[in-house]
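Let's walk through this structure together, starting with its charged side chains and ending with its nonpolar ones. Keep the 3D view open as you read.

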Amino acid sequence: QLSPTRLTGTLFFGAQYQSDANVAPGSSTIASPIGPILLNSEFVKMSDWDIFVSGSLLYTYDLGNQDHDTIEATANGVLNHYMKVGRLDLDFGEITLGPRFRFPELPDTIAQAVSVKPYGIFNEVGLGENQYFRTFGAGLEATGTVWNDISLKGVFEYRDKTFTNAPNRPASTGLTGNDKLVSLSLTRPVTANSALSLEFDYVDQQTEFTFYSNQTYAASAAYHIRYDGPAGLLHFPMETTFYGSRLWSIYDSPDPCCNTSSTLFFSPSSRDDRRWRFGITQGVQVADNIELIVQFQRDIVSSNLSLYGYTSNSVLFGPQIRF
């Protein structure tokens, strides 16, 4: 407790089933610029299992001043491997580093527990056992509590992304560009053992291929409740989270993938996507620092370009270790 340094983290591993693992359209035929085309089998909706491991670390160093300012370093990573769709195997690692300044002397009538954290961002991402992209960027985070029990968090991030081609995706460099993210979230207790969280996100994504540049808006809500397990069976509490989100993505220019004309003449349109996501996560604590997690989720994506519309159901399960 007296040490100026502290390291905390989580490790989560397990298996996941997805009814549309390759995020493919429901129809095997698309209206291409040269007429209807039957998609190859690898691009048609395919269910699959994958195994995964994910983890996060938070290292803090107390600077020893009266405000308890700190230096924070975070590390997050994901590794997964599909049984059939190996070209979508993902390797993701991200590091952030920056100081967190605290403002305990602010009047309580404004906010409590206010902090501001500027930070740098670096990540490396692999896809299908080849490098996919890397990111350099910077962010600014502000947190605080208002009206005694509403926790607020605001984030702005800028990321410069450089993509790399691979034999099975020779045009990935067309995604090179930058992302600008604005996020605002709030959490408020509902009862002594439950809380409601709301979040709004906006992303401006610019790419070399302008038909992939887009502005995306998202709103989400989650209700989390913690409670005692069945008497005599479990010595630790259980927790359940219900969540849902709505996303709108509006693209900048016509996509040459698809013909949206009802005639023989080729007429492309800008992509316009909508996504619903619903899910429930159940946690069963089996030790002081170990929890078994089961999650059920459904995604429904509609698009004016049928190539990008899909539905998928997924279930994942595994143990989560905290330290």
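Lys-117 has a relative accessibility of 5%, so this lysine counts as buried in this predicted model. What does Lys-117 pair with? Its salt-bridge partner is Glu-72, with 3.1 Å between the closest N and O atoms. The two sit 45 residues apart, Glu-72 in strand 5 (residues 70-82) and Lys-117 in strand 7. Glu-72 is buried as well, because its relative accessibility is 7%.

Now move along the chain to Asp-179 and Lys-161, whose side chains form a salt bridge with an N to O distance of 3.0 Å. Asp-179 belongs to strand 10 (residues 177-191) and Lys-161 to strand 9 (residues 150-163), so this pair ties together parts 18 residues apart in sequence. Asp-179 is buried at 12% relative accessible area, and Lys-161 is buried at 9%.

Strand 10 also holds Lys-180, which is 24 residues from Asp-204 in strand 11 (residues 194-207). These two form a salt bridge, their closest N and O atoms being 3.9 Å apart. Here Asp-204 is buried at 15%, whereas Lys-180 is partly exposed at 27%.

Return to Glu-72 and Lys-117: through shared salt-bridge partners, they join Arg-100, Glu-141 and Lys-153 in one network. The structure holds 13 salt bridges.

Finally, look at the nonpolar side. The largest nonpolar core consists of 5 residues: Val-125, Leu-127, Tyr-132, Phe-133 and Phe-163. Strand 7 (112-127) and strand 8 (130-146) each contribute at least two of them. Leaving aside residues up to four places away in sequence, Phe-163 touches Tyr-132 and Phe-133, along with Ser-172, Thr-173, Leu-175 and Thr-176.

Definitions and conventions. Residues numbered from 1 in each chain as written. Predicted model: local features only at pLDDT ≥ 70, side-chain atom pairs only at ≥ 80, totals over all residues. Heavy atoms only, no water. Core = buried A, V, L, I, M, F, W, Y, C linked by side-chain atoms within 4.5 Å. Buried < 20%, exposed > 50% of the residue type's maximum accessible area, 1.4 Å probe, protein only. Helix = DSSP H or I, 4+ residues; strand = E, 2+ residues; numbered from the N terminus. Contact = heavy atoms within 4.5 Å. Salt bridge = Lys/Arg side-chain N within 4 Å of Asp/Glu carboxyl O.
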